[in-house]
Amino acid sequence: MTHQVHAFEPPERFVAGTVGPPGERTFFLQARGGGRLVSVALEKVQVSLLAEKLEELLTEAQRRFGVELPEAAAVPVGDNDPLETPVDEEFRVGTLGLAFDADTATVVIEAIAVGDAETEIELGESEEEDEPDDVEPDEDLDRLRVRLTPEATREFIERARRVVNAGRPPCPLCGQPLDPAGHLCPRNNGYHR
């Protein structure tokens, strides 16, 4: 089976965004460049963790390689436009990979599709390896690879955080999202709030 690698090095635009009303939103990473537009779906928690881990990666790159980073407060508001249409899902993201290329001082983000194969564990039998050690199990999966400057990475982080926080407000008691139709708060013994 062939796989596609959608590479944008660098993209003209790379953003996290959503489609749908709060509570029913679908999250996407979208990259545009060279006349191509690629959108991949992922979970809200993946967007949140991606922003958090990118921040840690930039901090580590500054510490280890002396990379000049823009201050988080100095980053302009940047791209606040909606996702470009049509938003056609290429694949659903299963794994996110991050790296810092010290030679080019860029951040590499790789979103890898969810795999179809499930790992089976057989108890009581000897383990035999069908695959060589140097082959990655997700080698034949579609992927989106983006290379960003530290400034573009910082802008992506800020937008991703805004997108994640733009959903339903949390309940002040339990922290779960408040539904417009009402909220059964466990801290109020199930009474509507």
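Q: Which residues touch the most other members of the largest nonpolar core?
A: First, the ground rules: this is a predicted model, in which local features need pLDDT of at least 70, side-chain atom pairs count only at pLDDT 80 or more, and totals for chains, interfaces and linings use all residues. Numbering starts from 1 along each chain as its sequence is written, and side-chain values use heavy atoms, leaving out hydrogens and water. A nonpolar core here is a set of buried Ala, Val, Leu, Ile, Met, Phe, Trp, Tyr and Cys residues joined through side-chain atoms within 4.5 Å. This one has 35 residues, and those touching the most other members are Phe14, Leu29, Leu54, Leu144 and Phe156.

Q: Which element provides the largest share of this core?
A: Two or more residues each come from strands S2 (13-19), S3 (26-33), S4 (36-42), S5 (89-101), S6 (106-113) and S7 (143-148), and from helices H1 (44-65) and H2 (150-165). These are DSSP runs numbered from the N terminus (helices are H or I, at least four residues; strands are E, at least two). The largest share is 7 residues, and it comes from H1.

Q: In what order do the elements run from the N terminus on?
A: The protein chain has 2 helices and 7 strands. Written from the N terminus on, their order is β-β-β-β-α-β-β-β-α.

Q: What percentage of the contacts with a separation of 6 or more joins residues 24 or more positions apart?
A: Contact means heavy atoms within 4.5 Å. Leu144 gives an example of who touches whom: leaving out residues up to four places away in sequence, its partners include His6, Phe14, Val38, Phe91 and Ile109. For the protein chain, pairs 24 or more positions apart make up 64% of the contacts with a separation of 6 or more.

Q: What does H1 span from its first C-alpha to its last?
A: H1 has 22 residues. The expected span is 1.5 Å times one less than the number of residues, which comes to 32 Å for H1. The model is close to that, at 31 Å.

Q: Against which elements do the buried residues of H1 pack?
A: Buried means under 20% relative accessible area, with exposed over 50% and partly exposed in between (1.4 Å probe, protein chains only). In H1, the buried set is Gln46, Val47, Leu50, Ala51, Leu54, Glu55, Leu57, Leu58 and Ala61. They pack against S2, S3, S4, S5, S6 and H2.

Q: At what angle do the axes of H1 and H2 cross?
A: Axes are lines fitted to C-alpha atoms, for helices over the stretch in contact, and angles run from 0 to 180 degrees between N-to-C directions. The axes of H1 and H2 come within 9 Å, and they cross at roughly 145 degrees.

Q: Is Gly17 buried or exposed?
A: Gly17 sits in strand S2. Beyond its neighbours within four places in sequence, it contacts Thr26, Phe27, Phe28, Leu83, Arg159 and Val163. Because its relative accessibility is 2%, Gly17 counts as buried.

Q: How far apart are the C-alpha atoms of Glu43 and Gly94?
A: Glu43 lies in the loop between S4 and H1, and its 44% relative accessibility makes it partly exposed. Leaving aside neighbours within four places, Glu43 contacts Phe27 and Arg92. Glu43 and Gly94 are 51 residues apart along the chain, and their C-alpha atoms are separated by 9.3 Å.
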